[in-house]
Amino acid sequence: MDKFVIRGGNPLMGVIRVSGAKNSALPCMAAALLTEDEVTLENIPKVRDIETERRLLESMGADVALREGEAQDQTTISCRKLSDPVARYEIVKTMRASSLVLGPLIARMGMARVAMPGGCAIGGRPIDLHIKALEKMGAAIAQEHGYLEARVDAGNGAGRLHGAHLVFDRITVTGTEDLLMAAVLAEGETLMENCAREPEVVDLAALLTAMGAKIAGAGTATMRVEGVTSLHGARYRINPDRIEAGTFLMAGAITGGDLTVANCNPAHLGAAIAKLREAGVQVDVLSEDAVRVRAAGRLVAAGISTEEYPGFPTDMQAQYMALATQAEGVSLVRENIFENRFMHVQELVRMGANIKVEGSMATVRGPARLSAAAVMCSDLRASASLVLAGLVAEGESIIDRVYHMDRGYERFEEKLVGVGAQIQRMGNVFAPREAQAVVG
Ligand code: EPU
């Protein structure tokens, strides 16, 4: 299992580039299931979750081809032959976003068999809202042997979903995406209310529109979809990853560096930029695709409360908490989206942070002197938080289980090394060194 060995203390300086958004790429790849034609996606990040989705699509009979080394890397997906519309547990259990194939499979094939995702480190994460809405569109869904068996019956064959008035009980990102993909091929109009407004939903809607779908209101709470009988192929470029960009902004800020985050979309970073400024960081939006962060004296405490977009993203909460350990005063961090997204706290405390958790609220007292330790990643964003802490801790930290990080960050350590961080990836770290780091 790979680990990172990080020596803290270097301010990050220079330019760091952001990859394509994992959470856009995942639904966009699933959207290829909706057509017999080829869908070509550019700017797909090279991360483990994308690899998992590729395996998932291939296991159903899709052809997925990656062309590298041209002006842009391109992934072309052809779902002409879908021999086996089953999302097997072996794949779904490693990536919950696999449930994104449910809507498109039912829409295209009139049936689907998708393993139920289990629990997850950050919370229960049920998909009841996806199921409820698909049922409202005419799918009969039963659960058996850990699988969802979905069908739309029409007399003697697989039928077509029908449009419906859907009101999500709570805002769900992949739920909105799943139902959007179901609605584009449904008969008649679907009105979707209380939709997620995340840029990733807008990305998916843009791809679907390029494929011939009729969608109004993407990026707002109310979407209206006029179903069409078929969709055609398209080429689409995935937007930059706003969470990776925000993580880099926080890395620049926590190390007291001077870092320009390039190839990002500042318009998607409003909440993070506002909070960094409140915490005393100088943030300059340089252009339509670049933001610069610089230390401007001491960091000061500023609380956050995670919210759906455009609020402060839950996917940046852990990284912000690492930053808050270095800010003077008391920062209150409230997690409103997931019930168990404080797994990084105990690891940060082992590095010397002063954090108390009560329910969904963490109280961070700073600034704390962080000292290197051997710590363990529990999920993707917790991993990023520990790396950020390692960048300012005194001594050599060992971050274990970085496979969590590899699920969603492309070449994370290489990119950071490029702007001055001291990070080494180790396939197998010897015990004596580990012991040394715990003391350091
Ligand atoms: N929820 C339900 N029932 C449902 C669906 C969601 O109760 O049917 C609850 C969830 O348990 C959670 C809340 O609603 O408490 C919001 O969950 P949501 O469905 O929005 O999360 P998601 O779609 O499963 C996506 C991202 C996550 C990100 C969340 C919130 C993808 C592939 N994943 O998950 O990304 O944290 O939205 O913004 O888009 C990550 O990248 O590290 C990550 C976890």
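Q: What makes strand β18 (residues 281-287) and strand β19 (residues 290-295) count as paired strands?
A: Strands are DSSP runs of E with at least two residues, helices are runs of H or I with at least four, and both are numbered from the N terminus. Two strands pair if DSSP finds at least two bridges between them. β18 and β19 share six bridges in the antiparallel sense, so the definition of pairing is met. Within this pair, Val283 stands opposite Val293 in β19, and the two strands form a hairpin with two residues between them.

Q: On what kind of model do these statements rest?
A: This is a predicted model, in which local features need pLDDT of at least 70 and side-chain atom pairs count only at pLDDT 80 or more, whereas totals for chains, interfaces and linings use all residues. Residues are numbered from 1 along each chain as its sequence is written, and side-chain values use heavy atoms, with hydrogens and water left out.

Q: Why are β20 (304-305) and β22 (354-358) said to stand at the edges of their sheet?
A: The sheet is open, has four strands in the order β20-β21-β23-β22, and shows mixed pairing. β20 and β22 each have a single partner strand, so one side of each is left without a neighbour in the sheet. β20 pairs with strand β21 (residues 329-334) in the parallel sense over two bridges. In β21, Val333 is the bridge partner of Ile304.

Q: Which strands are the edges of the open sheet with the order β12-β13-β15-β14?
A: This sheet has four strands and mixed pairing. Its edge strands are β12 (165-167) and β14 (214-216), each of which pairs on one side only. Neighbouring strands here are turned by 15 degrees against each other on average, direction ignored; such angles run from 0 to 180 degrees between N-to-C directions, with axes fitted to C-alpha atoms. β14 is joined to strand β15 (residues 223-226) by three bridges, and the two run antiparallel. Lys214 has Glu226 as its bridge partner in β15.

Q: How many residues surround the ligand, and which are the closest?
A: There are 22 of them, and the closest are Asp128, Thr172, Thr174, Asp315 and Ile337. A residue is near a molecule if one of its heavy atoms lies within 4 Å of it.

Q: What makes the approach of Leu129 to the ligand a polar contact?
A: A polar contact is a pair of N or O atoms within 3.5 Å; within protein, one must be able to donate a hydrogen and the other to accept it, and residues adjacent in sequence count only if both atoms are side-chain atoms. A backbone N or O atom of Leu129 lies 2.8 Å from an oxygen atom of the ligand, so the distance meets the cut-off. Val173 also has a backbone N or O atom 2.8 Å from an oxygen atom of the ligand, and for a polar backbone atom of Pro126 the distance to a ligand oxygen is 3.3 Å.

Q: How much of the ligand's surface does the protein bury?
A: Taken alone the ligand exposes 830 Å², of which the protein buries 89%; the areas come from the Shrake-Rupley method with a 1.4 Å probe.

Q: Which element gives the most to the shell around the ligand?
A: α5 does, with three residues.

Q: Where does the peptide bond into Pro310 lie, and what is its form?
A: Pro310 is in the loop between β20 and α10 (317-324), and the bond from Tyr309 to Pro310 is cis, with omega near 10 degrees. Another cis peptide bond joins Gly366 and Pro367, with omega about 0 degrees.
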